[in-house]
Amino acid sequence: MTRKVADCRNTPSVSGCTLTISGEEEEVVRAAVEHAVSVHEHSDTPELRQMVRESLQDEKATV
């Protein structure tokens, strides 16, 4: 299974957050939503979860 990555640098924010989260898709969605709520003051909604899921990228293999 391909690991997924959520990277705050890909979403403009006032704080300039640089957090990157990687893991299995459901783990990353859950952690990224928790981060968005606790740090960026978003509300945990189905729309936020969908936005997070759609923004995920495949993790690039390191050499």
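These points go through the sheet, the salt bridges, the largest pocket and two individual residues of a predicted model.

1. Sheet layout. The model has an open sheet of 3 strands, ordered β2-β1-β3, with antiparallel pairing. Strands β2 and β3 are at the edges, each pairing on one side only. Strand β1 covers residues 4–7, strand β2 covers residues 20–23, and strand β3 is made of residues 57–58.

2. Pairing around β1. The antiparallel pairing of β1 with β2 runs over 4 bridges. With β3, β1 pairs over 2 bridges, again in the antiparallel sense. Val5 can be used as a reference point for both pairings: Ser22 stands opposite Val5 in β2, and Gln57 stands opposite Val5 in β3.

3. Faces of β1. In a regular strand, side chains alternate between the two faces of the sheet. In β1, Lys4 and Ala6 are on one side, while Val5 and Asp7 are on the other. Which of these four residues are buried, and which faces of the strand are covered? Lys4, Ala6, Val5 and Asp7 are all buried, and both faces of β1 are covered. The buried set therefore includes Lys4 and Asp7 as well as Val5 and Ala6.

4. Asp7 and Arg9. Side chains of opposite charge can pair when their charged atoms come close. Asp7 forms a salt bridge with Arg9, and the closest N and O atoms are 2.6 Å apart. The two partners differ in exposure: Asp7 has 16% relative accessibility and counts as buried, whereas Arg9 has a relative accessible area of 56% and is exposed. Asp7 falls in the buried class because its value is under 20%, and Arg9 falls in the exposed class because its value is over 50%.

5. Arg53 and Glu25. The structure holds 6 salt bridges. One of them joins Arg53 to Glu25, with the closest N and O atoms 2.9 Å apart. Arg53 lies in helix α2 and Glu25 in helix α1, so this pair ties together parts that are 28 residues apart in sequence. Both ends are partly exposed: Arg53 at 28% relative accessibility, and Glu25 with a relative accessible area of 27%.

6. Arg53 and Glu26. The side chain of Arg53 also meets that of Glu26 in a salt bridge, at 2.8 Å from N to O. Glu26 lies in helix α1 and Arg53 in helix α2, so the pair ties together parts that are 27 residues apart in sequence. Glu26 counts as partly exposed, at 47% relative accessibility. Through shared partners, the salt bridges join Glu25, Glu26 and Arg53 into one network.

7. Largest pocket: volume and lining. Rolling a probe the size of a water molecule over the atoms shows where empty space is left. The largest pocket contains about 460 Å³ of space. How many residues line the largest pocket, and which lie nearest its centre? The lining consists of 19 residues, and those nearest the centre are Cys8, Thr11, Ala36, Val52 and Ser55.

8. Largest pocket: origin and class of the lining. At least two lining residues are supplied by each of β1, α1 and α2. The largest share, 4 residues, comes from α2. By class, the lining has 10 nonpolar, 8 polar and 1 charged residues.

9. His35. Is His35, a residue of helix α1, buried or exposed? His35 has a relative accessible area of 13% and is buried, because that value is under 20%. Leaving out residues up to four places away in sequence, His35 touches Cys8, Cys17, Leu19 and His40. Among these contacts, Cys8 is also one of the residues nearest the centre of the largest pocket.

10. Glu41. This residue is found in the loop between α1 (25–38) and α2 (46–55). The phi angle of Glu41 is near 60 degrees, a positive value in a residue other than glycine. Glu41 is exposed, with a relative accessible area of 71%. That class follows because 71% is over 50%.

Note on methods:
Residues are numbered from 1 along each chain as its sequence is written. This is a predicted model: local features need pLDDT of at least 70, side-chain atom pairs count only at pLDDT 80 or more; totals for chains, interfaces and linings use all residues. Side-chain values use heavy atoms; hydrogens and water are left out. Buried means under 20% relative accessible area, exposed over 50%, partly exposed in between (1.4 Å probe, protein chains only). Two strands pair if DSSP finds at least two bridges between them. A salt bridge is a side-chain nitrogen of Lys or Arg within 4 Å of a carboxyl oxygen of Asp or Glu. On a 1 Å grid over the protein atoms alone, a cavity is a set of points where a 1.4 Å probe fits but cannot get out, and a pocket is an open set with protein on both sides within 12 Å along at least five of seven lines; lining residues have an atom within 4 Å of a point. Grid points are joined across faces, edges and corners, and a volume is the space filled by probe spheres set on the points. Ala, Val, Leu, Ile, Met, Phe, Trp, Tyr, Cys and Pro count as nonpolar, Asp, Glu, Lys and Arg as charged, and the others, Gly among them, as polar. Contact means heavy atoms within 4.5 Å.
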